[in-house]
Amino acid sequence: MHVLKFTLLICAFAGCWQPSSWTAIYKHIIYKTYSLFLVSSLYLFSTSQFMNIVLNVENSDEFIDSLYMMLTVFVAGYKQVYMWIDRKNVMMIINVLEKKPFAPCEAREEIIQQKFERLIRRSTLRYLIIVLGAIISVIATSVFLEFKKRNLTYKAWIPFDYSNFVVYFLIYSYQLVGMATSGIVNVACESVISGLLLHICCQLEILEYRLTKLTHSENILPDCIRHHNLIFEYACTVNNMFAKIIALQFAVSMLVVCSNMYRIAMATDFATIISLLVYTSAILTQIFIYCWFGNEVKLKSVHLMSGIYNMEWPTLSNNNKRNLLIIMKRSLTPIEFSSVYILTLNLESFVSLLKMSYSMYNVLHQTQE
């Protein structure tokens, strides 16, 4: 069973993960060209908006209009490049899940892993549907409101005249490609991280199952202790690998939610409000995924202690009882993920993000008044 198969398929579509089966030179060239096109669409888009802020913005409303999409696209470009640069390390931590002691050893453990793989696929698909809904709403709103007037979807600095319809259409399409690519890249990266978090939960459940067999075979306890230690080390590796991405995403999401709330309050037409609401929902879902699955890992790591407590202790040897007490003691300190040691990934952090965004929105709104 291949781990994160569906998630890696989305990563391949997003241009940040070349399929392992594409080993032929011509396939390699085709995929590199495809990825380069998507990366260039992201960075040209964010650069044009940054230059627009520097050269053309004259008031706070124009600044906010340009800022929220520039930040979103910039973060997506950063994630895409990061996945390319660190591909070997990401592949390594995924492949570890298919080796001992993480790999399932019997039918029951395979069922546990398949259960979590189905959960990962469902979560990824739901998130993808939300993001695609946001992309479609933005495109539809743009076609009805901006395309007819020969306006670009997003204000940007273009260093040449695009009044010609063909040139305008190419720039207009390129903006939409950049916007859509940023959405798909975010889905891909978030799905990889959340998938790894869920596989940590999977390993904790497999370990809990293995410990239930201790009453019948006490010699498996050393392997279980080693498995438990490796789960902690694996979680630390995943956290260190993606901490910068998570921290950047938290900061940008807070700013984007704040600016979108301000734009919704200032909007006058219904179509723009709907588009902004859908887009804001996608951004909130993006950060909620980190917090929800980070919280699940924390709860699952603590729950291991309850599973050990409910075992048949009288049948165990004194040495194994002492070893189990050590595992329980370590389980008192849960596995927690943090973004550069600043913000812990749990539901409390998500609520704090909403409160902070709302506070910033109030400051902007009062300044405008």
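**Figure 1. The second largest cavity of the predicted model and its lining.** In this predicted model, the second largest cavity is lined by Leu71, Thr72, Val75, Asn186, Gln249, Val252, Ser253, Val256, Ile283 and Gln286. Two or more of these lining residues come from each of α3, α7 and α8. Helix α7 provides the largest share, namely four residues. The volume of the second largest cavity is about 50 Å³. Five nonpolar and five polar residues make up the lining of the second largest cavity, and no charged residue takes part.

**Figure 2. The largest cavity and the residues around its centre.** The model holds two cavities of 30 Å³ or more, and the largest cavity encloses about 160 Å³ of space. Of the 14 residues that line the largest cavity, Val131, Gly183, Asn186, Tyr279 and Ala282 lie nearest its centre. Helices α5, α6 (165–212) and α8 each contribute at least two residues to the lining of the largest cavity. The largest share, five residues, is supplied by α5. By class, the lining of the largest cavity comprises nine nonpolar and five polar residues, with no charged ones. Asn186 appears in the lining of the largest cavity and also in that of the second largest cavity.

**Figure 3. The largest pocket and the helices that line it.** The largest pocket has a volume of about 720 Å³. Its lining consists of 27 residues, and those nearest the centre of the pocket are Asp65, Glu146, Thr153, Arg263 and Thr272. The elements that each give two or more residues to this lining are α3 (60–85), α5 (107–145), α7 (221–266) and α8. The lining of the largest pocket is made up of 13 nonpolar, seven polar and seven charged residues. Charged residues are thus part of the pocket lining, whereas the lining of the largest cavity has none.

**Figure 4. Threonine 280 in helix α8.** Threonine 280 belongs to helix α8, which covers residues 270–309. Threonine 280 counts as buried because its relative accessibility is 9%, and the limit for a buried residue is under 20%. Apart from neighbours within four places in sequence, the contacts of threonine 280 are Val257, Asn260 and Ile264.

**Figure 5. Helix α6 and the cap at its N-terminal end.** Helix α6 has 48 residues, which should span 70 Å at 1.5 Å a residue; the end C-alpha atoms of α6 are 70 Å apart, in agreement with that expectation. Helix α6 is largely enclosed by the rest of the structure, because 37 of its 48 residues are buried. Asparagine 164 caps the N-terminal end of α6, with a side-chain oxygen 3.0 Å from the backbone nitrogen of valine 166.

**Figure 6. Helix α1 and the surroundings of threonine 7.** Helix α1 (residues 5–13) has Thr7, Leu8, Ile10, Cys11 and Ala12 as its buried residues. Threonine 7, which lies in this helix, has a relative accessible area of 1% and is therefore buried. With neighbours within four places in sequence left aside, threonine 7 is in contact with Ile120, Thr124, Ala188, Ser191 and Val192. Threonine 7 and isoleucine 120 are 113 residues apart in sequence, yet their C-alpha atoms are 8.1 Å apart in space. Just after α1, glycine 15 adopts a positive phi of about 85°.

**Figure 7. Leucine 36 in helix α2.** Leucine 36 is placed in helix α2, which covers residues 25–55. Leucine 36 counts as exposed because its relative accessibility is 60%, and an exposed residue is one over 50%. A distance of 25 Å separates the C-alpha atoms of leucine 36 and isoleucine 94, which are 58 residues apart along the chain.

**Figure 8. Asparagine 346 in the loop before α10.** Asparagine 346 is found in the loop between β2 (343–344) and α10 (347–368). With a relative accessible area of 8%, asparagine 346 is buried. The side chain of asparagine 346 reaches the backbone nitrogen of glutamate 348 at 3.2 Å. Not counting residues up to four places away in sequence, asparagine 346 touches Cys291, Asn295 and Glu336.

Methods: Residues are numbered from 1 along each chain as its sequence is written. This is a predicted model: local features need pLDDT of at least 70, side-chain atom pairs count only at pLDDT 80 or more; totals for chains, interfaces and linings use all residues. Side-chain values use heavy atoms; hydrogens and water are left out. Buried means under 20% relative accessible area, exposed over 50%, partly exposed in between (1.4 Å probe, protein chains only). Contact means heavy atoms within 4.5 Å. On a 1 Å grid over the protein atoms alone, a cavity is a set of points where a 1.4 Å probe fits but cannot get out, and a pocket is an open set with protein on both sides within 12 Å along at least five of seven lines; lining residues have an atom within 4 Å of a point. Grid points are joined across faces, edges and corners, and a volume is the space filled by probe spheres set on the points. Ala, Val, Leu, Ile, Met, Phe, Trp, Tyr, Cys and Pro count as nonpolar, Asp, Glu, Lys and Arg as charged, and the others, Gly among them, as polar. The expected span of a helix is 1.5 Å times one less than its number of residues. A polar contact is a pair of N or O atoms within 3.5 Å; within protein, one must be able to donate a hydrogen and the other to accept it, and residues adjacent in sequence count only if both atoms are side-chain atoms.
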